[in-house]
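This report describes the fold, the nonpolar core and the ligand surroundings of one protein chain. Please keep the sequence and the structure in view while reading.

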Amino acid sequence: MAPIMNVQRSDYRDAMARLGAAVSVVTTDGPGGQAGFTASAVCSVTDDPPTLLVCLNRSASVYPVFEANGVLCVNVLAAGQQTLSNLFGGKTPMPERFAGARWSLLVTGAPVLEGATVSFDCRVSRRTEVGSHDVLFCEAVAIRGSDKAQGLVYFDRRYHDLLAA
Ligand SMILES: NC(=O)C1=CN([C@@H]2O[C@H](COP(=O)(O)OP(=O)(O)OC[C@H]3O[C@@H](n4cnc5c(N)ncnc54)[C@H](O)[C@@H]3O)[C@@H](O)[C@H]2O)C=CC1
Ligand SMILES: Cc1cc2nc3c(=O)[nH]c(=O)nc-3n(C[C@H](O)[C@H](O)[C@H](O)COP(=O)(O)O)c2cc1C
């Protein structure tokens, strides 16, 4: 493939499709109501204080809800949960999204997904605007993991189960 020098949005998206990533359903609940969306833009920042980041498009219908609540739970999807990724990936009404799985609570009240490989229950400690997105820095106040769940990766615009040997 020839190098691209003047990078357009479509070039960037095609290139990012080559970067395999975990897929999470990020949820919230509180005074702003209940909401959730699918995110691949999730990354560890530092372990002290335990902080990860989530990038959220300001034009997403869920944006004002996350802004109002200030808490969220990053639920990393397991093999076989790609249906949930599509359900939370846009357009579907919120009650329908949550009806697709079973949920519990940890500390903040944000919904914690049953069967996720791991869930990070967080308070949003800082946020910054970059282009179309807000980068939410999220401090983990509780974590719940599953030893049994196998991973799920989004690569080349498709889902791939990540099975341990
Ligand atoms: N960071 C984000 O906001 C992401 C948004 N999406 C959305 O999900 C839908 C389906 O996506 P794909 O099937 O992966 O095809 P696509 O061609 O829209 O995206 C390919 C890749 O580009 C990146 N990307 C897409 N939209 C982006 C955005 N607005 N800001 C920053 N990075 C972006 C992601 O890494 C994505 O996997 C699209 O509507 C897309 O906008 C998907 C992945 C990440
Ligand atoms: C695989 C996948 C990954 C996504 N990653 C992100 C992301 O990291 N950040 C984001 O703002 N939106 C991301 N989206 C899009 C949101 O999930 C979607 O915009 C959100 O559900 C809100 O849609 P709505 O405005 O119809 O409610 C992703 C979608 C898919 C299918």
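The text below proceeds from the overall fold to the core and then to the two ligands.

**Overall fold**

The model is predicted, not determined by experiment. The protein contains 4 helices and 12 strands. Its radius of gyration is 16 Å, close to the 15 Å that the globule rule gives for 165 residues, so the protein is as compact as a globular protein of that length. The C-alpha trace spans about 50 × 40 × 35 Å along its principal axes. Of the 165 residues, 27% are buried. Among contacts with a separation of 6 or more, 64% join residues 24 or more positions apart.

The UniProt record, an unreviewed entry, places the feature "domain: Flavin reductase like" at residues 16–161. Over residues 16–161 the chain is 49% strand and 14% helix, and the C-alpha atoms at the two ends of this stretch are 19 Å apart.

**Nonpolar core**

The largest nonpolar core comprises 29 residues. Within this core, V26, V54, L72, C73, V74 and L77 have the most contacts. Strand β6 (residues 71–76) gives the core its largest share, namely 4 residues.

V26 may serve as an illustration. Leaving aside residues up to four places away in sequence, V26 touches G36, F37, A39, V54, L72 and V74.

**Surroundings of the ligands**

The shell around ligand 1 is formed by R13, M16, A17, S40, A41, C55, N57, G89, S132 and R157. Helix α1 (9–16) and strand β5 each contribute at least two residues to the shell around ligand 1.

Around ligand 2 there are 18 residues, of which A39, A41, S61, G89 and G90 come nearest. Strands β3 (35–39) and β5 (50–57) are the elements that give two or more residues to this shell. Strand β5 thus appears in the descriptions of both shells. A41 and G89 likewise are listed for ligand 1 and are among the residues that come nearest to ligand 2.

The composition of each shell by residue class is set out below.

| Shell | Nonpolar | Polar | Charged |
|---|---|---|---|
| Ligand 1 | 4 residues | 4 residues | 2 residues |
| Ligand 2 | 10 residues | 7 residues | 1 residue |

**Links between core and ligand shell**

A39 connects two parts of this account: A39 is touched by the core residue V26, and A39 is also one of the residues that come nearest to ligand 2.

Conventions
Residues are numbered from 1 along each chain as its sequence is written. Chains are lettered from A and ligands numbered from 1 in the order in which they are written. This is a predicted model: local features need pLDDT of at least 70, side-chain atom pairs count only at pLDDT 80 or more; totals for chains, interfaces and linings use all residues. UniProt positions are given in the numbering used here, feature names are shortened, and annotations may be inferred rather than shown by experiment. A residue is near a molecule or strand if its C-beta atom, placed from the backbone, lies within 6 Å of it. Ala, Val, Leu, Ile, Met, Phe, Trp, Tyr, Cys and Pro count as nonpolar, Asp, Glu, Lys and Arg as charged, and the others, Gly among them, as polar. A nonpolar core is a set of buried Ala, Val, Leu, Ile, Met, Phe, Trp, Tyr and Cys residues joined through C-beta atoms within 7 Å. A residue is buried if 20 or more other C-beta atoms lie within 10 Å of its own, exposed if 12 or fewer, and partly exposed in between; C-beta atoms are placed from the backbone. Two residues are in contact if their C-beta atoms, placed from the backbone, lie within 7 Å. The radius of gyration is taken over C-alpha atoms; the globule rule is 2.2 Å times the number of residues to the power 0.38.
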